[in-house]
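Student: I have a model open and would like to learn to read it. Could we go through it together?

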Amino acid sequence: MGDNADGTQFTVLGTADAIDRAELITRYAYPAERWVRANMIASADGGATSGGTSGGLGGDGDKAVFSVLRELADVILVGAATVRAEDYSGVSVTAEQRAAREARGQAAVAPIALLTRSGSVDPDAAVFQRTEVPPIVFTSAAAAPETRRTLGDLAEVIDVSGSDPESLELSRAVGVLADRGLGRVLAEGGPGILGRLIADDLLDELCLTVAPVLVGGAAGRIVTGDGDDQTPLRLQQILSDDAGYLFLRYARAAGDR
C-alpha cells in the first residue's frame, strides 16, 4: 500500500503509514456540500512560482494531489491572469475518475469558473478551445455585454457586479455556483484571488504544498492584497512523499466564522 498511479509514495508525516490514491481521496473528501477550498504551492522559502509559473515548483506527488482535489471538486475557480500564465485548458478526467464522480452524484467533468472583472479574454485560449465542458466566466456588468459577444457559445458569461457596475463580487460568484449545485469549490489562484477570498471571508480551507526547493529572486507569495489581517487556521493533516514535498491541509473551525 502507498503507491499511486505515477509511482509516488505518500506517508503521514512522522509515521510509516503509507497512503494510496483511494486513501488520498478519503482524506481530501469535502466536509460539506458548500465549502471553498484553495490549493496552492510554495517553495521552502515562500516563493509562489519558479520560472514565472507555479507549475515550475511541482513534482509527481503534487500532481497526484492536484488530480485528486480536482476529482472531488464540483467546480474549479481561477483568475484570468492565472489562466493566461499557466495556459489553462479544461479539466481532464480518466474513465475511473468520471465513474467515481458520477457515483457521487457529480457531473462527469468539473467546469472551470473564470474570474475577470475587465472581461479581457482570448476566445482562442486553451481554456475555451480544449475543454469538454464550456467554462463559466464571471465578470462585471460593464464588461459582460462585450465579453458575451467575444465568446459567443464558448462560455456562459455571468455578471456578478455589486453596486459598482465595474466591480466583481466574489461572494456573488460563489453564491451563483452554490445555487447551481456547485458548492464544493476548488480555488486554484492566483494570489490575488486567494487574497480576495480571504478578505471577503469566503475561504474555508487551504491545501498548501511545500516544495523542497529554494527559489530566491522576486517570486511572489501565494496571497496578495491590501489587507494585513491574520486569518487563524487549524492544521488538519501533514503528508509527505518520497521526493520530500509536504502536503499541508488547514481549515477554519466552525466557530471561527
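Tutor: Happily! Let's begin with a term we will need: two strands pair if DSSP finds at least two bridges between them. Keep in mind that this is a predicted model.

Student: With that in hand, how many bridges join strand 3 to strand 8?

Tutor: Strand 8 covers residues 184-187 and runs parallel to strand 3. One of the bridges has Arg-37 with Leu-186 of strand 8 as its partner. The number of bridges joining the two strands is four.

Student: Which strand pairs with strand 9 in the antiparallel sense?

Tutor: Strand 9 has a parallel partner in strand 3 (residues 35-43), with seven bridges between them. Leu-206 of strand 9 is the bridge partner of Ala-38, and Leu-206 also has Tyr-250 as a bridge partner in strand 11. That second pairing runs over six bridges in the antiparallel sense, and the strand is strand 11 (residues 246-251).

Student: Where do these strands sit in the order of the sheet?

Tutor: The sheet is open, has 11 strands and shows mixed pairing. Each of its edge strands, strand 2 (18-19) and strand 7 (156-159), pairs on one side only. Read across, the order is 2-1-10-11-9-3-8-4-5-6-7.

Student: Are the faces of strand 9 covered or open?

Tutor: Strand 9 spans residues 205-211, and seven of its seven residues are buried. One side carries Glu-205, Cys-207, Thr-209 and Ala-211, and the other carries Leu-206, Leu-208 and Val-210. With the residues of both sides buried, both faces are covered.

Student: Why is strand 4 called largely enclosed by the rest of the structure?

Tutor: Val-75, Leu-77 and Gly-79 lie on one side of strand 4, Ile-76 and Val-78 lie on the other, and all are buried. Strand 4 is largely enclosed because its buried residues number five of five.

Student: Which residue of strand 5 stands opposite Gly-79?

Tutor: Strand 4 has parallel pairings with strand 8, over three bridges, and with strand 5, over four bridges. Towards strand 8, Leu-77 stands opposite Ala-187. Towards strand 5, the residue opposite Gly-79 is Leu-115.

Student: Now the helices. At about what angle does helix 8 run to strand 3?

Tutor: Helix 8 (residues 191-199) lies across several strands, including strand 3, strand 8 and strand 9. Helix 7 (residues 170-179) also lies across strand 3 and strand 8, and runs at about 150° to strand 6. For helix 8 and strand 3, the angle is about 135°.

Student: Which residues of helix 7 are buried?

Tutor: The cover over them includes helix 8 together with strand 3, strand 4, strand 5, strand 6 and strand 8. Just after the helix comes Gly-181, with a positive phi near 80°. The buried residues are Leu-170, Ala-173, Val-174, Gly-175, Leu-177 and Ala-178.

Student: What is the handedness of the crossing of helix 2 and helix 4?

Tutor: The axes of helix 2 (residues 60-72) and helix 4 (residues 95-103) come within 10 Å and cross at roughly 35°. Ser-67, Arg-70, Glu-71 and Leu-72 of helix 2 make the contact with Gln-97, Ala-100 and Arg-101 of helix 4. The crossing is right-handed.

Student: Is Ala-110 buried or exposed?

Tutor: Ala-110 sits in the loop between helix 4 and strand 5. Among its contacts beyond four places in sequence are Ala-73, Val-91, Arg-101 and Val-133. Its C-alpha atom is separated by 7.8 Å from that of Glu-71, 39 residues apart along the chain. Buried means under 20% relative accessible area; at 3%, Ala-110 is buried.

Student: And why do Tyr-245 and Phe-247 count as a stacked pair?

Tutor: The structure holds two aromatic pairs. Tyr-245 and Phe-247 have ring centres 6.4 Å apart and planes at 20°. Planes under 30 degrees apart count as stacked, so with its planes at 20° this pair is stacked.

Student: Which ring has Arg-37 lying over its face?

Tutor: We met Arg-37 as the bridge partner of Leu-186 in strand 8. Arg-37 lies at 4.2 Å from a ring centre, and that ring belongs to Tyr-30.

How values were computed
Residues numbered from 1 in each chain as written. Predicted model: local features only at pLDDT ≥ 70, side-chain atom pairs only at ≥ 80, totals over all residues. Heavy atoms only, no water. Buried < 20%, exposed > 50% of the residue type's maximum accessible area, 1.4 Å probe, protein only. Contact = heavy atoms within 4.5 Å. Axes fitted to C-alpha atoms, helices over the stretch in contact; angles between N-to-C directions. Phe/Tyr/Trp six-rings, centres within 6.5 Å; stacked < 30°, edge-to-face > 60°. Lys NZ or Arg CZ within 6 Å of the ring centre and 35° of its normal. Left-handed = near helix turned anticlockwise from the far one by under 90°.
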